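Here is a short report for a computational chemist. Please read it alongside the sequence and the model.

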Amino acid sequence: MPEKLVSPALDGWHTIGDDPQLLGSQCEECLTYFFPKHERECKNPNCSSTKFLEIPLSREGRIWSYTNACYQPPAPYIAGDPFEPFAIAAVELEIEKLIILGQVAKGIDVDSLAVGMHVDMIIEPLHETEDEIKMIWKWRPKKI
Amino acid sequence: MKNEVAIIGVGMHPWGKWGKHFTEYGVAAARMALQDAGVPWKDIRFVSGGATIRCGYPGYVAGATFAQALGWQGAEVNTSYAACASGSQALAAARNKILSGACEVALVIGADTTPKGFLAPAGGYRPEDPDWVRFYLGITNPTYFALYARRRMDLYGDTLDDFAAIKVKNAKAGSKNPFSRYKKCFTSEEVAGSAVVADPLRLMDICATSDGAAALIVCSLEYAKKIGKSDAPRVVAISTTTPVFASGIVEMPDIATDSAAAQGIEHQSFRENLPKKAYEEAGIEPKDVDFAEVYDLSTALELDWMEDLGLASRGEAASLLRAGETSIGGKIPINASGGLASFGEAVPAQALAQICELATQLRGQAGERQIENPKVGITANQGLFGHGSTVIVAT
Ligand SMILES: [Zn+2]
């Protein structure tokens, strides 16, 4: 059996290489960041710019809050068999001054998380199709 | 006085999972409100409906649907959609109509029939739709409520027992409300024993979805006087303001907040900003409020709302709860109706149900759940994309 292809679960939202990054955008005029990428009208009411740059976002941040999914979420979530509960964190990026939700790295339980904790962004499988492994960003507590 | 309208009639259809057409609930609530007001249906000159998006085309034109179901009589109609704030927007439309002098007395109405099971987004691969994306990542509605609840625990020291106490308090109040769906008085042990859905929230911390209907008859102060109801409760403020950029709280269904990186931009809280306009319009302060109906989508969210409405200092809501001050008989009863904990959410009816409770309490007709001599009540609710609302009603 040939090896499965590895590809992003959300094309254009993040890279999947060795140093994976979330791909956002930034308004060229007022410097507001956007995630996911936003390239139409700027959402800042003081700005009417329509010019945006694609920009990779910081790979680390601090936990704003966290929870988990104890039960299998409904479609379009694609669960493994059996379903494995996972933790979820909302993480604040310091430079971009925004909060991004994401799953927490596999095997890390809510008991090892705390508000304010430093985390890194990593890439892990979200689900598999017949010939592909779909990767997604996840948050992982920094080893101190 | 110049912005005020009177509430001369209230009506509801009991919340539940009845599985009937939403129009049936709406008509029952409307007829009850008309009877309560003592106003003949044919005298209503404006029908303002909250839309439901789950019941097909008749739900999109709810104002006309209810008017037709009650018997076309040539009134003007309006339909408002703003998720959970739909009822308040429908009320705002009726208030404008009355204050402009275009009509004296109006019916404001909302009703819903909810589908069975999960509310899942449409299928396919649709990364441009934030609602689709978050479900794809396994992020459900309870995820957001749980994030807010956990933050309270880590920042303010709120506990699982506090959250359970809210369910117990609201269930007790709801058991005395003839229109609530759940009549059982749950114990904190039962809440603690229910399965964790999204840590720290358990099944019984999270509200269900329900069928139900609520209706109001509102009129000019002159009209109320004319029919001998000059002491009817008055709507003294309605706020349906949008958030202010940059929103700093992750809100359903988004995967990220706004960025506050631009010069002169700060993170803002939508829930905290929403009541400011209402207090200004009513010319009162939070300390003047006697009781509140707030959107307890989760138990913990009730505490957030108390602080957002200025009824408790930031981080202090749980201490009021522990002291019993938010129960009926306390200093500031919260959700004396039983709240969403006892009703479950019937989207286009919910904001109106909150106002029905305010009016019923202010008239001293709440029976076993009556608050002692209230003068001013406030509501608060929120929908997707910041369509929240808050309404102040006073005697
Ligand atoms: Zn801009």
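The text below covers conventions, chain A, its metal site, and then selected parts of chain B.

## Conventions

This is a predicted model, in which local features need pLDDT of at least 70, side-chain atom pairs count only at pLDDT 80 or more, and totals for chains, interfaces and linings use all residues. Residues are numbered from 1 along each chain as its sequence is written, chains are lettered from A and ligands numbered from 1 in the order in which they are written, and side-chain values use heavy atoms, with hydrogens and water left out.

## Chain A

Chain A has nine strands and zero helices. Helices (H or I, at least four residues) and strands (E, at least two) are DSSP runs, numbered from the N terminus. Along the principal axes, the C-alpha atoms of chain A fill a box of roughly 50 × 40 × 30 Å. Of the 144 residues in chain A, 51% are buried. Buried means under 20% relative accessible area, exposed over 50%, and partly exposed in between (1.4 Å probe, protein chains only).

The accessible surface of chain A is about 7600 Å², and carbon and sulfur atoms account for 50% of that. Accessible areas come from the Shrake-Rupley method with a 1.4 Å probe; for residues, only the protein chains shown count as cover. Take the contacts in chain A between residues at least 6 apart in sequence: 53% join residues at least 24 apart. Contact means heavy atoms within 4.5 Å.

## The zinc site

Which protein atoms are the donors of the zinc ion? They are the SG atoms of A:Cys27, A:Cys30, A:Cys42 and A:Cys47, lying 2.3 Å from the ion. Donors are N, O and S atoms within 2.8 Å of the metal (3.2 Å for Na, K and Ca); water is not among the atoms, so sites may look incomplete.

The site is tetrahedral, with angles of 105 to 115 degrees among the four donor atoms. Four donors count as tetrahedral if all angles lie between 85 and 135 degrees. Along the chain, the donor spacing is C-x2-C-x11-C-x4-C. One pair links distant parts of the chain: A:Cys27 in strand E2 (residues 23–27) of chain A, and A:Cys42, 15 residues apart from it, in the loop between strand E3 (33–34) and strand E4 (52–56). A:Cys27 counts as buried because its relative accessibility is 1%. A:Cys42 is also buried, at 10%.

## Salt bridges

The whole structure holds 36 salt bridges over all chains. A salt bridge is a side-chain nitrogen of Lys or Arg within 4 Å of a carboxyl oxygen of Asp or Glu. Side chains of opposite charge can pair when their charged atoms come close. Three of the bridges are listed here.

| Base | Acid | Closest N and O atoms |
|---|---|---|
| A:Lys134 | A:Glu132 | 3.2 Å |
| B:Arg152 | B:Asp158 | 2.5 Å |
| B:Arg314 | B:Asp308 | 2.8 Å |

A:Lys134 is buried, with a relative accessible area of 16%. B:Arg152 is buried at 1%, and B:Asp158 is buried at 3%. B:Asp308 is buried at 6%, whereas B:Arg314 is partly exposed at 38%. Salt bridges that share partners join B:Arg152, B:Asp158, B:Arg271, B:Glu272, B:Asp304, B:Glu307, B:Asp308 and B:Arg314 into one network.

## Helices of chain B

Helix H3 (residues 62–69) of chain B is mostly covered, because six of its eight residues are buried. Among the elements that these buried residues pack against are helix H1 (22–37) and strand E2 (46–50) of chain B. B:Gly71 follows H3(B), and its phi is positive, near 105 degrees.

B:Thr299 sits in helix H11 (residues 299–308) of chain B. B:Thr299 is buried, with a relative accessible area of 4%. Its side chain makes a polar contact of 2.8 Å with the side chain of B:Asp205. A polar contact is a pair of N or O atoms within 3.5 Å; within protein, one must be able to donate a hydrogen and the other to accept it, and residues adjacent in sequence count only if both atoms are side-chain atoms. Not counting residues up to four places away in sequence, B:Thr299 touches several residues, including B:Phe163, B:Leu201 and B:Met204.

B:Glu190 lies in helix H8 (residues 188–193) of chain B. B:Glu190 is partly exposed, at 30% relative accessibility. A polar atom of its side chain lies 2.9 Å from the backbone nitrogen of B:Thr187.

Key. Four donors count as tetrahedral if all angles lie between 85 and 135 degrees; four count as square planar and six as octahedral if opposite donors are over 155 degrees apart and all others between 65 and 115; anything else is irregular.
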